[in-house]
Protein chains: 4
Amino acid sequence: MPKLGAEPIRRAALVKATIETVGEAGSLEVTVAQIARRAGMSSALAHHYFGSKSQIFLAAMRSILTIYGAEVRGALAAASGPEARLRAIVLGSFAAGSFRREAISAWLNFYVLAQKSPEARRLLTVYQRRLKSNLLHELRPLVGPRAEEVARGLGALIDGVYIRASLVDGAPDRDYARRIVQEYLDRELENRT
Amino acid sequence: MPKLGAEPIRRAALVKATIETVGEAGSLEVTVAQIARRAGMSSALAHHYFGSKSQIFLAAMRSILTIYGAEVRGALAAASGPEARLRAIVLGSFAAGSFRREAISAWLNFYVLAQKSPEARRLLTVYQRRLKSNLLHELRPLVGPRAEEVARGLGALIDGVYIRASLVDGAPDRDYARRIVQEYLDRELENRT
Amino acid sequence: MPKLGAEPIRRAALVKATIETVGEAGSLEVTVAQIARRAGMSSALAHHYFGSKSQIFLAAMRSILTIYGAEVRGALAAASGPEARLRAIVLGSFAAGSFRREAISAWLNFYVLAQKSPEARRLLTVYQRRLKSNLLHELRPLVGPRAEEVARGLGALIDGVYIRASLVDGAPDRDYARRIVQEYLDRELENRT
Amino acid sequence: MPKLGAEPIRRAALVKATIETVGEAGSLEVTVAQIARRAGMSSALAHHYFGSKSQIFLAAMRSILTIYGAEVRGALAAASGPEARLRAIVLGSFAAGSFRREAISAWLNFYVLAQKSPEARRLLTVYQRRLKSNLLHELRPLVGPRAEEVARGLGALIDGVYIRASLVDGAPDRDYARRIVQEYLDRELENRT
DNA sequence: AATGAATGAGGATTCATTCAT
DNA sequence: GATGAATGAATCCTCATTCAT
């Protein structure tokens, strides 16, 4: 009897393996065979499920962004009031599922992918927009007209902290990362009227 | 027709072509033949002068960082006093030679290269350190004990602005980029005692 | 149409094709593509099964030495008594599978390979040692203390006859070859006390 | 003033360098550039003097055979009487100029070259014939009708000792080599009527 | 569903050879 | 005479992708 739901399991395994493989290699120049082997299947099967290498990459990217989104939402759920929610978004951006060695490296590589692949670019843009809209929503009551510029700065800063974390070897330092964005936030909020 | 002193000319042409090719492709997955063709020579000659593809990449990366360093130094030369010098560094980081489409894309790709190539990583680290030391030097008289944390934030923010610029198509918006970091700076400086 | 158990078949075909190709070319400077074409497959498949050109060569060399060993053993099986066995070894060295145009030329080339490849050298040394030990075993009862020196002479003479056969075009003259070593043997044996 | 005789000096340097390079590499797969560098000149000049790589090889081969011939002739000059002359030929075959690491390895490789290059084959054949004729001349008065077969055996044995010497690393053992052929000779001569 | 088999299309790299100076 | 410059042609090897089973 064919296992029910083999497909979603296989796809998930491939997505996970892709992030790990790309993360470890620090590059998109990994082979489908490597990914498939890590996922415990043949490369032919990987093609069967995803059609092409770039579809595999896209699926992995979606996964990374989905996890990121979920973590931010999770942090938000526990917070009430604009400032608490704002801090939750910012800190949630460095939660365990996203701010880990492989995911960071994979994320960087998907930024590169977005240079070429319109679909990858679209994904990234959507997430940036969503983050910005989230930030703005909480910032407006806090800093009023400066909300727009603070949101821009926060978005860029988060990405900057991520990209710099990609250069460190070993586990990324979450506290250090969070401190940088929190200080930025503190500075902005202490000035509010 | 062999000319005397062809080597430096050829090498420079290859470096330039590499940045353009990688910038256009938005990826390191370009062939030596593509680069060589753009530089007006055979791929064999490119190998003759650089030995290997990775040496070509490294030379291009050095070139990017050298240009960046020169532009920051150039901006610094015209400024006097800590605050002016600080703003010069930060604005110089987005000068014309560095903050242009191809260079940004190539820079992003060299970040990726640094994940794998120790030499590339070394180059990047040296430049980050140099920038930070420059920032600290001017920040200390201005913000005293907070210099360290502001320098960290500025460094990350500059990188963040760069990586986000890599996603925009068309010419990058220098003013927009500068505004983001300037606002950060303004905020930090207005609070100084 | 993939068949089960294709691997051993393909490998054997490649080994055969290698010996033929090297034999015909009279040189190791043959391409994997040539070998693969003769074996009826793509060069990619050849690499898939052997990993590298040198592994292909090594496998071919092993094959040649295995055939040689089998032929000598075959000849030995039918002989009884030291002298008969000794003559069997010597004559078996020129049996049909080994002493043929292509195999001789390939053998010569593998001698060259052994200058550079430690594994190739090991293979050759093992076979020389085995031959010598076989010879000594039969020679001791026949010529006593001179066994060692006769064995050395016979070994060198067999190789000498082979290398000279490599220069003749057309089919090698087995009888001529055998006569040379037999005369050597006759001379040594007639002198025994 | 252009040096008189630059050409013969350059050619000789290239021939010497070729033998050394091939000997060291243990293979004909050496580049013209390697040879030229060792000879202290550009590869372009090597081509200027020899026209092509194969001409360089042929010249080196001629040199090896010439040295061999000279050494045998030298040994012959000091000997009188058939047996002495016969032993001189055989021992002369292992004189210092020929029976040395590089020359042996180069000689083996030239045997390979002779499989493909008619001119190389011609050179080798000429030398084999000359050796045989020399041997026969002295053997006839010593072993009469068996001269032919002894000459054949001696020729093959000398080549066999050479090829086996090619497998040993370090300096070849001249005494060991000579002993093998001398024992053969002793055996043949003691039986003469 | 799953895979071993198979390959076409490259891509980095090497090298003999040529040529202008 | 001598060489740096330059390249076309190869060659090994890799890999995404397809297909029959």
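Colleague: Let's start with the protein surface near DNA strand E: by class, how many of its residues are nonpolar?
Modeller: Happy to, and please keep in mind that this is a predicted model. The surface near DNA strand E has six charged residues and eleven polar ones. The remaining class, the nonpolar residues, numbers 18.

Colleague: Which helix gives the most to that surface near DNA strand E?
Modeller: Several elements each supply at least two residues there: α3 of chain A, α3 of chain B, α1 (6-25) and α3 of chain C, and α3 of chain D. With four residues, the one that gives the most is α3(A).

Colleague: And which residues come nearest to DNA strand E?
Modeller: There are 35 residues around DNA strand E. Of the strand's atoms within 4 Å of the protein, 71% belong to sugar or phosphate, and the rest belong to bases. The residues that come nearest are Arg10(A), His47(B), Lys53(B), Arg10(C) and His47(D).

Colleague: How far is a side-chain N or O atom of Arg10(C) from a phosphate oxygen of DNA strand E?
Modeller: Let me put that beside two histidines. His48(A) has a polar side-chain atom 3.0 Å from a phosphate oxygen of DNA strand E, and for His47(D) the distance is 2.9 Å. For Arg10(C), the N or O atom of the side chain and the phosphate oxygen are separated by 2.6 Å.

Colleague: Turning to the other strand, what share of the atoms of DNA strand F that come within 4 Å of the protein is sugar and phosphate?
Modeller: The protein puts 34 residues around DNA strand F, and Lys53(A), Arg10(B), His47(C), Lys53(C) and His48(D) come nearest. Among the atoms of DNA strand F that come within 4 Å of the protein, sugar and phosphate make up 71%.

Colleague: What is the distance from a phosphate oxygen of DNA strand F to an N or O atom in the side chain of Tyr49(D)?
Modeller: Other side chains make phosphate contacts with DNA strand F too. An N or O atom of the Arg10(B) side chain is 2.6 Å from a phosphate oxygen, and a polar side-chain atom of His47(C) lies 2.8 Å from one. For Tyr49(D), the distance is 3.0 Å.

Colleague: Which element supplies the largest share of the surface near DNA strand F?
Modeller: By class, this surface has 18 nonpolar, ten polar and six charged residues. The elements that each supply at least two residues are α3 (43-50) of chain A, α1 (6-25) and α3 (43-50) of chain B, and α3 (43-50) in both chain C and chain D. The largest share, four residues, comes from α3(D).

Colleague: Now the protein partners: how much area do chain D and chain C bury between them?
Modeller: The size of an interface is often given as the accessible area lost when the parts come together. Here 44 residues of chain D are in contact with 44 residues of chain C. Carbon and sulfur atoms account for 54% of the buried area, which in total is about 3900 Å².

Colleague: How many salt bridges are counted between chain D and chain C?
Modeller: One of them joins the side chains of Arg121(D) and Asp169(C), with N and O 3.1 Å apart. The count between chain D and chain C is eight.

Colleague: Which element gives the largest share of the side of chain D that touches chain C?
Modeller: Across this interface, 15 residue pairs are in polar contact. On chain D, two or more residues come from each of α6 (101-116), α7 (118-143), α8 (147-165) and α9 (174-190). The largest share, eleven residues, belongs to α8(D).

Colleague: Which residue of chain D comes closest to the rotation axis?
Modeller: A turn of 180° with a shift of 0.0 Å along the axis lays chain D on chain C, with an RMSD of 0.1 Å. The interface residues of chain D are 100% interface residues in chain C as well, so the copies meet through the same surface. With its C-alpha at 1.8 Å, the residue closest to the axis is Gly160(D).

Colleague: And in chain B, which residue has the C-alpha nearest the axis?
Modeller: Chain B superposes on chain A by a rotation of 180° with 0.1 Å of shift along the axis, at an RMSD of 0.1 Å. The two copies are therefore related as by a two-fold rotation axis. At 1.8 Å from that axis, the nearest C-alpha in chain B is that of Gly160(B).

Note on methods
Residues numbered from 1 in each chain as written. Chains lettered and ligands numbered in written order. Predicted model: local features only at pLDDT ≥ 70, side-chain atom pairs only at ≥ 80, totals over all residues. Heavy atoms only, no water. Near = heavy atom within 4 Å. Polar contact = N/O pair within 3.5 Å; in protein donor to acceptor, adjacent residues only side chain to side chain. Nonpolar A, V, L, I, M, F, W, Y, C, P; charged D, E, K, R; others polar. Least-squares fit on C-alpha atoms with pLDDT ≥ 70 in both. Contact = heavy atoms within 4.5 Å. Buried area = accessible area lost by both parts, 1.4 Å probe. Salt bridge = Lys/Arg side-chain N within 4 Å of Asp/Glu carboxyl O.
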